[in-house]
Amino acid sequence: MTSTEAMGTTRWLWPLLADLACVVALAVGGKNTHDASDSGWVVLVIAWPFALAAVLAHVCLTWQGRRAHRVWPEGAIVVAATYVLGMILRAVSGRGLAPGFLVVAAIFLALTMLGWRGVVRIARGPEARSSDPPSPEVSRP
């Protein structure tokens, strides 16, 4: 693998792993709050719909040439897709959609998935932010 290929992989891999860590944290928190006595497999049962949704969001952004590490609009797209598609997959798989869970999951995913992006943006400094190429414009009919 060349350094250019490694750089390209890093651009999509680290944001994906960070978002998957947010999803796993949501699942661990849910298990500890509601299913603490159940096996660790409950974390996977809770996480898989949101993890799959996050992966699909990242694939779509990468396919469009967009960088998923940005807070806006890419981060918001990842959060929205992860939440909406995750909830649909959760419902289809027979898991409940309690109103409290809908609210907690939305807040948690938004804070964590946008939060790490904000921290990275601040840590990179103003020079790096100004050199970050803009997202491709979406043509409107």
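1. On the cysteines, C60 is partly exposed, with a relative accessible area of 44%, whereas C22 is buried at a relative accessible area of 9%. The model is a predicted one, and the count of disulfides in it comes to 0. For orientation, a disulfide is a covalent bond between the sulfur atoms of two cysteines.

2. As to the overall architecture, the protein chain holds 4 helices and 0 strands, and from the N terminus on the order of its elements reads α-α-α-α. Of the 141 residues in the chain, 30% count as buried. The chain exposes about 8500 Å², and 71% of that area is supplied by carbon and sulfur atoms. Among contacts with a separation of 6 or more, 70% are made by residues 24 or more positions apart.

3. Helix α2 deserves a careful look. The helix covers residues 41–63, which makes 23 residues, and its span from first C-alpha to last is 32 Å, close to the 33 Å expected at 1.5 Å a residue. Within α2 there is nevertheless a kink of about 45° at A47, shortly before the proline P49. Both A47 and P49 belong to the buried residues of this helix, as do V42, V43, I46, F50, A53, A54, A57, H58 and L61. Just after α2, G65 takes a positive phi of about 80°.

4. Helix α3 can be described in a parallel way. This helix runs over residues 71–92, has 22 residues, and reaches 30 Å from its first C-alpha to its last, close to the 32 Å expected at 1.5 Å a residue. Its buried residues are E74, G75, V78, V79, T82, G86, M87, L89 and R90, a list in which the charged-type names E74 and R90 stand beside V78 and V79. The residue G94, which follows α3, has a positive phi near 90°.

5. A point to check by eye is the peptide bond between W72 and P73, which is cis in the model, with omega about -5°. P73 itself lies in helix α3.

6. The largest nonpolar core has 20 residues, and those that touch the most other members are V23, A27, F50, V78, L109 and M113. Each of α1 (3–34), α2, α3 and α4 (99–131) supplies at least two residues of this core, with the largest share, 8 residues, coming from α2. In soluble globular proteins, nonpolar side chains tend to be buried together. For V23, leaving aside neighbours within four places in sequence, the contacts are A47, F50, A51, T82, L109 and M113; the kink residue of α2, A47, is thus one of the residues that V23 is in contact with.

7. Which residues does H58 touch, once residues up to four places away in sequence are not counted? They are W12, P15, L16, D19, A68, V78 and R117. H58 has its place in helix α2, and at 4% relative accessibility this histidine counts as buried, because the cut-off for that class is under 20%.

8. One of the partners of H58, L16, has its place in helix α1 and counts as buried at 11% relative accessibility. Not counting residues up to four places away in sequence, L16 touches A54, V55 and H58. The C-alpha atoms of L16 and A68 are separated by 7.9 Å, although the two residues are 52 residues apart along the chain; A68 also appears among the residues that H58 touches.

9. Finally, R70 has its place in the loop between α2 and α3. Is this loop residue buried or exposed? With a relative accessible area of 15%, R70 is buried, because that value falls under the 20% cut-off. Its C-alpha atom and that of V120, 50 residues apart along the chain, are separated by 9.0 Å.

Terms used:
Residues are numbered from 1 along each chain as its sequence is written. Side-chain values use heavy atoms; hydrogens and water are left out. A disulfide is a pair of cysteine sulfur atoms within 2.5 Å. Buried means under 20% relative accessible area, exposed over 50%, partly exposed in between (1.4 Å probe, protein chains only). Contact means heavy atoms within 4.5 Å. Accessible areas come from the Shrake-Rupley method with a 1.4 Å probe; for residues, only the protein chains shown count as cover. The expected span of a helix is 1.5 Å times one less than its number of residues. The bend at a residue is the angle between axes fitted to the seven residues ending there and the seven starting there. A nonpolar core is a set of buried Ala, Val, Leu, Ile, Met, Phe, Trp, Tyr and Cys residues joined through side-chain atoms within 4.5 Å.
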